[in-house]
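Me: I should like to go through the arrangement of helices and domains in the structure shown below. Please reason briefly before each answer.

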Amino acid sequence: MGLDIKFPIGLMFAIFGVILTIQGIFTAGDTVLYVNVNLWSGLFMLIFGSLMLVFSVRKKKTTGR
Amino acid sequence: METTSALGWIDYAIMLIYFFFVLGIGWALKKFMRSATDFLEAGRSLPAWVTGLAFISANLGALEVIGMAASGAKYGMMTVHFYWIGAIPAMLFLAIFMMPFYYGSKARSVPEYLKLRFDEKTRGFNAFAFAFMTIMASGASMHALALLAERLLGWDYTLSLVGSAAIVLVYTYLGGLSSAIYNEVLQFFLIVIGFLPLVLISLKAIGGWEGIQASLGDNMLHSWKYAASPDQNPMGVEWMGIIIGLGFVLSFGYWCTNFLVVQRAMAAGSMGAARRTPLIGALPKMFIPFLVILPGIIAAALLQGDHSFIPFKEGSETVRDFDQVIPVLLMKYLPTGVLGLGLTALMASFMSGMAGNVSAFNTVFTYDIYQSYINPGKSDKHYLSVGQITTIAGVLVSILAAFIAKQFNNIMDFLQLIFAFINAPLFATFLLGMFTRRTTGHGAFWGLLSGTFAAAIHHGLTVPAGADSLVKGGWLTGGAANALHTYPSEMAQNFWTAIFAFFIALILTLVISYLTKRNKSDTDLKGLVYSLTPRVQDDSKHWYEKPQTLAIIIGAIALILSILFW
């Protein structure tokens with residue numbers, strides 16, 4: 001099947017990462033809400049999602065599909 | 001327990017984005033669905049890392065996440081037996097010895113392998129039993145998801161049930177098995193990343209492993225140390241039952257013969273990829289206990305300090321509802337944002353279980369029931385249409401099964417019992433079929449049937465300690481008082497029921513085979529029996545891709561983990 005699953009996985013986690021990182025930054029001083037688990041999870045997902053996207057794009061470049 | 005007020009718009013946004021991607025994958029695969037092989041077998045073209053992660057994710061359904069966390073709270077580290085000795089040896093055996101037959105024989109399903117190796121009646125028995133079991137399991141998954149959404153999010157039960165079923169239906173209808181498998185990979189990452197913050201925060205709350213040790217008895221923190229006698233450990237089982245009952249009979253019966261997981265390996269693009277599938281799946285499998293069992297153990301530890309931490313079961317003032325462990329921890333420790341991620345991960349686990357069952361049901365119904373008994377000899381296009389219609393029918397029947405489970409709370413316990421009777425002797429049939437050429441179709445069929453009856457009779461003559469209903473056993477002796485034997489726990493009874501069923505099936509299959517005429521010649525059995533099949537030429541390019549090398553590495557890691565938590 002001609003679907004590179006790394007692309008949608010990477011994109012989804014990158015979007016989640018952006019949302020949670022922004023949420024983490026905006027609520028950084030909110031002691032009632034909170035460890036700023038949104039910020040840390042967001043950054044982790046942003047890195048994971050970006051890596052998956054890089055692997056996906058690299059595969060496209062090397063294999064041409 | 002805190003309820004709906006804890007959810008913010010960001011939590012709902014994360015859920016919606018997940019639904020969008022899941023449906024998008026189905027949509028992207030729609031154009032590749034040109035034949036029944038594409039739809040029902042994923043065109044046998046997927047890479048090993050995809051099928052390997054799907055192999056685990058399809059098994060990471062509702063029962064696994066909710067049930068194993070509950071077991072962690074009740075039995076502690078003993079629960080890891082279901083992941084280490086109760087899974088890894090069987091997965092290694094499947095990869096090294098059994099995949100060459102499943103994949104090499106070109107059988108499209110496990111029941112079809114039984115037909116090629118034995119005869120039509122053995123295939124029919126397995127196909128009908130499997131189709132019924134998978135559709136009921138899919139219904140149980142839907143019921144659990146809808147119940148959780150109702151209790152946790154305040155959503156309407158019927159709306160949650162139909163909504164989740166509709167999403168699974170759309171993506172499995174559009175992309176068939178490929179869509180189910182690709183989504184299982186997405187769901188795998190989501191489950192791991194979504195639960196990770198929960199594990200880390202709740203571990204911090206209890207004060208790390210030292211905090212757990214300070215709160216719980218030593219027998220909750222070891223897997224083998226207290227297995228010498230059933231009265232020493234919370235699971236009420238002894239090492240013999242664990243090794244033979246769980247580690248051999250139940251584990252090999254599930255991982256080596258259940259089409260739900262074997263189908264993922266059969267969808268791989270080559271023999272090498274098919275053999276690597278269970279091995280790639282075994283790596284994360286070993287570490288999943290830290291994601292689902294550890295929260296249960298933490299919850300048990302937190303319960304020592306806060307006696308209201310886990311609610312009681314409905315209508316009970318003494319029995320805790322440990323199925324609430326994950327939801328309670330999610331609501332207690334995660335703020336809005338990652339809470340949405342955790343809940344989405346929980347939904348993903350339910351959906352992967354549902355879709356896995358529906359896609360396996362599709363294949364077995366279309367090939368092993370419809371094409372074999374109802375309408376043989378039609379065109380490939382016809383069976384593609386039947387596969388798509390079966391997807392719709394399968395989801396609708398699952399919804400019906402979910403409503404039945406809701407109406408009759410104990411019916412799922414009863415069905416689980418029937419499934420256990422059917423599954424227990426299965427591995428004996430496959431073991432003899434793959435490794436002896438003398439086993440006949442009559443031997444396999446009657447051996448399988450005898451094993452199933454042996455399981456039922458053993459269950460009917462024995463009871464676990466504290467049995468309060470005939471569903472627990474003793475139904476042939478008129479109750480617990482006259483039972484022939486009382487096991488220390490339900491788990492011990494399950495393990496020994498499986499052991500009895502397996503050995504009865506093994507002996508009777510051998511005896512009947514030697515009393516009946518062979519129905520397959522050596523030529524017929526080439527590619528189906530070990531001694532008649534040329535050894536597989538390994539297509540691995542690197543040393544670390546070789547199945548034997550991978551198996552040794554995985555076996556060593558499993559051994560180290562077992563020693564660390566012995």
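**Helices and domains of chain B**

Reply: In this predicted model, H11(B) and H12(B) are oblique to each other. Their axes come within 8 Å and cross at roughly 135 degrees. Angles over 145 degrees would count as roughly antiparallel and 65 to 115 as roughly perpendicular, so the crossing falls among the rest, which is oblique.

Me: Which residues in H12(B) are met by residues in H11(B)?

Reply: Helix H11 covers residues 259-266 of chain B, and helix H12 covers residues 271-287 of chain B. The residues in contact divide into four nonpolar, one polar and one charged. From H11(B), the participants are B:Arg264, B:Ala265 and B:Met266; in H12(B), they meet B:Ala274, B:Thr277 and B:Pro278.

Me: How many Å separate the centres of domain 1 and domain 2 of chain B?

Reply: The domain assignment places domain 1 of chain B at 4-407 and domain 2 at 410-534. Taken over C-alpha atoms, the separation of their centres is 24 Å.

Me: Which helix gives the largest share of the side of domain 1 of chain B that touches domain 2 of chain B?

Reply: Domain 1 of chain B brings 34 residues to the contact and domain 2 of chain B brings 29. The elements giving two or more residues to the domain 1 side include helix H5 (88-104), helix H7 (120-153) and helix H10 (239-255) of chain B. That side divides into 22 nonpolar, eight polar and four charged residues. Its largest share, nine residues, comes from H10(B).

Technical notes: Residues numbered from 1 in each chain as written. Chains lettered and ligands numbered in written order. Predicted model: local features only at pLDDT ≥ 70, side-chain atom pairs only at ≥ 80, totals over all residues. Axes fitted to C-alpha atoms, helices over the stretch in contact; angles between N-to-C directions. Helix = DSSP H or I, 4+ residues; strand = E, 2+ residues; numbered from the N terminus. Parallel < 35°, antiparallel > 145°, perpendicular 65-115°, else oblique. Contact = placed C-beta atoms within 7 Å. Nonpolar A, V, L, I, M, F, W, Y, C, P; charged D, E, K, R; others polar. Domains from an automatic or database assignment.
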